[in-house]
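Open the model in your viewer and keep the sequence panel in sight. The stops below say what to select next and what is there.

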Amino acid sequence: MGAAAVALALTVALAQAASHLVTKATEAWPLLALVGLVCAVALAGLRIRNHHRHRADSERLAHLRITLPELDSMGDQEFEYALRDLLVRDGWTAKKVGQGGDQAADVIGVRLPLGRIVVQAKHTRVGGKVGSSVMYQVKGTAGPVHGADHAVVVTNGTFTRDAIVWGDRHGVRWVDRDRLNLWAHEGKALHELLGLPARSSRLSWRRTA
């Protein structure tokens, strides 16, 4: 068979194959369209469900109130999650980050124009006290490590006098049992309770170090 005949035969074969593919694609088109429609509907349904879930969570947190006995009965992890939820209730975008090696940050939140907040949680037995060493640790990591504009230590107990004096002097805010009741149970926003300023205060970490 000559080269011309081979070329002709190859052209015919390719044309037949192309025609076959077109025919199959035409036959399959309704099925492909149906699959695409099903996927689109499923995706839309997932988005709607996530939207409703987010809305329900937001509405639940908007009315969140936690009593001191409830906080006392929590474990350390539950306490940290509760503080995160309280921040979210107050309008912060917050997440729990506390774990081994967290460098004195259990919850981190962001809220404009207040900036970034780091919360160190100290869950203790009723009557327990938080000492100055916690304040030193938070001071050393809040700004340099976590880029915080505000650092807060929260406990369901109390603070020693030295811890309060040192924290007030060096910009580490504190929430003891009485303040925690105002925040968690009475519903007062944390930034209002502590009088947190806008984020321009970050330079204070250097000035008071």
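Select strand β1 (residues 93–96) and strand β2 (residues 107–111): the two pair in the antiparallel sense over 4 bridges. Strands pair here if DSSP finds at least two bridges between them. Strands (E, at least two residues) and helices (H or I, at least four) are DSSP runs, numbered from the N terminus. Within this pair, A94 stands opposite G109 in β2.

The model is a predicted one, in which local features need pLDDT of at least 70 and side-chain atom pairs count only at pLDDT 80 or more, while totals for chains, interfaces and linings use all residues. Residues are numbered from 1 along each chain as its sequence is written, and side-chain values use heavy atoms, with hydrogens and water left out.

**The rest of the sheet**

Add strand β3 (residues 115–122), which runs antiparallel to β2 and is joined to it by 5 bridges. V107 has V119 in β3 as its bridge partner. Look at the connection as well: β2 and β3 form a hairpin with 3 residues between them.

Now show the whole open sheet, whose 5 strands have the order β1-β2-β3-β5-β7, with mixed pairing. β1 and β7 stand at the edges with a single partner strand each, so one side of each is left without a neighbour in the sheet. From one strand to the next the twist averages 20 degrees; angles run from 0 to 180 degrees between N-to-C directions, with axes fitted as lines to C-alpha atoms, for helices over the stretch in contact.

Select β5 and β7, which run parallel and are joined by 4 bridges. A151 has V172 in β7 as its bridge partner. Then add α4, which packs on the sheet and touches β3, β5 and β7. The direction of α4 makes about 150 degrees with that of β5.

**The nonpolar cores**

Which residues have the most contacts inside the largest nonpolar core? Select L71, L83, L87, V154, L180 and W183, which have that role in a core of 27 residues. A nonpolar core is a set of buried Ala, Val, Leu, Ile, Met, Phe, Trp, Tyr and Cys residues joined through side-chain atoms within 4.5 Å. Buried means under 20% relative accessible area, exposed over 50%, and partly exposed in between (1.4 Å probe, protein chains only).

Two or more residues of this core come from each of α2 (68–72), α3 (76–89), β3, β5 (150–155), α6 (177–185) and α7 (190–194). The most come from α3, which gives 5 residues.

Centre on W183 and leave aside its neighbours within four places in sequence: W183 is then in contact (heavy atoms within 4.5 Å) with residues including L83, L87, V154, L190 and L193. The contacts of W183 also include R89, D90 and K188. Apart from this core lies another, of 17 residues, among them V130, V134, F159 and V172.

**Salt bridges**

The structure holds 4 salt bridges, each defined as a side-chain nitrogen of Lys or Arg within 4 Å of a carboxyl oxygen of Asp or Glu. Select K96 and E80, which form one with the closest N and O atoms 3.1 Å apart. K96 is in strand β1 and E80 in helix α3, 16 residues apart, and both are buried.

Next, select R84 and D85, whose side chains meet in a salt bridge of 2.9 Å, N to O. R84 counts as partly exposed at 25% relative accessibility, whereas D85 counts as buried at 15%. R89 and D90 are another pair, at 3.1 Å, N to O. D90 is buried at 9% relative accessible area, and R89 is buried at 12%.

**Helix α5 and the loop after β7**

Move to helix α5 (residues 161–170), where A163, W166, G167 and H170 are buried. Seen down the axis of α5, the buried residues fall within an arc of 100 degrees, so they line one face of the helix; the arc is that of the directions from the helix axis to the C-beta atoms. R161, D168 and R169 are exposed on the other side of α5. The buried residues of α5 pack against β4 (129–130), α4 (132–142), β6 (158–159) and β7 (172–175). Just after α5, G171 takes a positive phi of about 80 degrees.

Finish at D176, in the loop between β7 and α6. Is D176 buried or exposed? D176 is buried, with a relative accessible area of 13%. Leaving aside neighbours within four places in sequence, D176 is in contact with T155, G157, T158 and F159. The C-alpha atoms of D176 and V154 are separated by 6.3 Å, with the two residues 22 apart along the chain.
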